[in-house]
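Okay, thanks everyone for squeezing me in. I'll put the structure up and then walk through the sheet, a pair of helices and the cysteines.

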Amino acid sequence: MLQTFEEHMSKTIGIIGGMGPLSTVELMHKVIRYTPAHRDQEHLHMLVDNRPQIPDRTAAILGTGPSPVALLQESARTLQRAGADFLAMACNTAHYFYEDVAASVHIPVVHMHRVLEAALKKHFSHGEKIALLATTGTLRAKIFQQHLPDFDFVVPDENGQEEWVMRAIYGEAGIKNVGVTHENTGLLLQAVKRLDEEKPAAWIAGCTEIEHALEKVELPSPLFLPLDLLARELVRQALN
């Protein structure tokens, strides 16, 4: 006799969140959207630690703020104790501290950029040019380059990074302060216009706030959304 959906022993997803809160909610929303459920009881069990007090990851990488490691590890252990079977972090830049987080628990931690790597390799060959929009911390730490060494990344110059990308994320009218607006999306599109001169084969929204702003915008070449890919992978693993 075949099991019904609710009888199937799906795994419990644990989300280390609050980086920022909007990204956490968006990841949950995407998990719900990609779950093949037809009624409430068929959805996946998610445990979420929405902890906005985790110090800013970019500031920590740049040496201008405290380390987030202790609170990231505390969040991971909290979710493990609560019954999560595996974890994920709803933040690209937080993956700079991935090894510290993974070492603090006995359950798997899904790596967003390894999921992205698998998706890119399905469509693009070694050495292809990829445009990356991300926080300055992510760029300085070369987080994507370390996990995706087969690709040639192009990024904004220093002025463009500060005036367009970081201002769109952290500025007074930035996404972290007021959400996605026509104004801060326009700043990101200025960076897109400049980088498109390099003729990249694809784009990566390397920050969850950037992903929120650009996921419905048509870019000159395909846009890869790490948070979206992570959500699909969480559903796959939970149902596996």
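Before the sheet, one bit of vocabulary: two strands pair if DSSP finds at least two bridges between them. Also keep in mind that this is a predicted model.

So, with that in hand, look at strand β1, residues 13-17, and strand β3: 4 bridges join them, and they run parallel. If you want a place to put your finger, take Ile15, whose bridge partner in β3 is Ala88. Now go to β2: β1 and β2 also run parallel, joined by 5 bridges. There, Gly17 stands opposite Asn50 of β2.

Put those together and what order do the strands take in the sheet? It's β2-β1-β3, an open sheet of 3 strands with parallel pairing. The edges are β2, at 46-50, and β3, each of which pairs on one side only. Ignoring direction, neighbouring strands here are turned by 20° against each other on average.

Let me stay on β3, residues 86-89, for a second. Are its faces covered or open? Both are covered: Phe86 and Ala88 are buried on one side, and Leu87 and Met89 are buried on the other. Helix α12, residues 226-239, lies across β1 and β3, and runs at about 175° to β3.

Okay, helices. Rotate to α8, residues 158-170, and α10, residues 182-195. Their axes come within 8 Å and cross at roughly 150°, and the crossing is left-handed. From α8 you've got Glu163, Trp164, Val165, Arg167 and Ala168, and they meet Asn184, Leu187, Leu188, Gln190, Ala191 and Arg194 in α10. By type, that contact splits into 6 nonpolar, 2 polar and 3 charged residues.

Last thing, the cysteines. How many disulfides does a search of the whole structure find? The count is 0. Just as a reminder, a disulfide is a covalent bond between the sulfur atoms of two cysteines. So why isn't Cys91 in one? Because the closest cysteine sulfur, in Cys207, is 6.9 Å from its own, which is too far for a bond; the cut-off here is 2.5 Å. Looking from the other end, Cys207 is in no disulfide either, with the sulfur of Cys91 as its nearest cysteine sulfur.

And are these two buried or exposed? Cys91 is buried, at a relative accessible area of 5%, and Cys207 counts as buried too, at 5% relative accessibility.

That's my tour, happy to take questions.

Technical notes. Residues are numbered from 1 along each chain as its sequence is written. This is a predicted model: local features need pLDDT of at least 70, side-chain atom pairs count only at pLDDT 80 or more; totals for chains, interfaces and linings use all residues. Side-chain values use heavy atoms; hydrogens and water are left out. Buried means under 20% relative accessible area, exposed over 50%, partly exposed in between (1.4 Å probe, protein chains only). Helices (H or I, at least four residues) and strands (E, at least two) are DSSP runs, numbered from the N terminus. Axes are lines fitted to C-alpha atoms, for helices over the stretch in contact, and angles run from 0 to 180 degrees between N-to-C directions. A crossing is left-handed if the near helix is turned anticlockwise from the far one by less than a right angle, and right-handed if clockwise. Contact means heavy atoms within 4.5 Å. Ala, Val, Leu, Ile, Met, Phe, Trp, Tyr, Cys and Pro count as nonpolar, Asp, Glu, Lys and Arg as charged, and the others, Gly among them, as polar.
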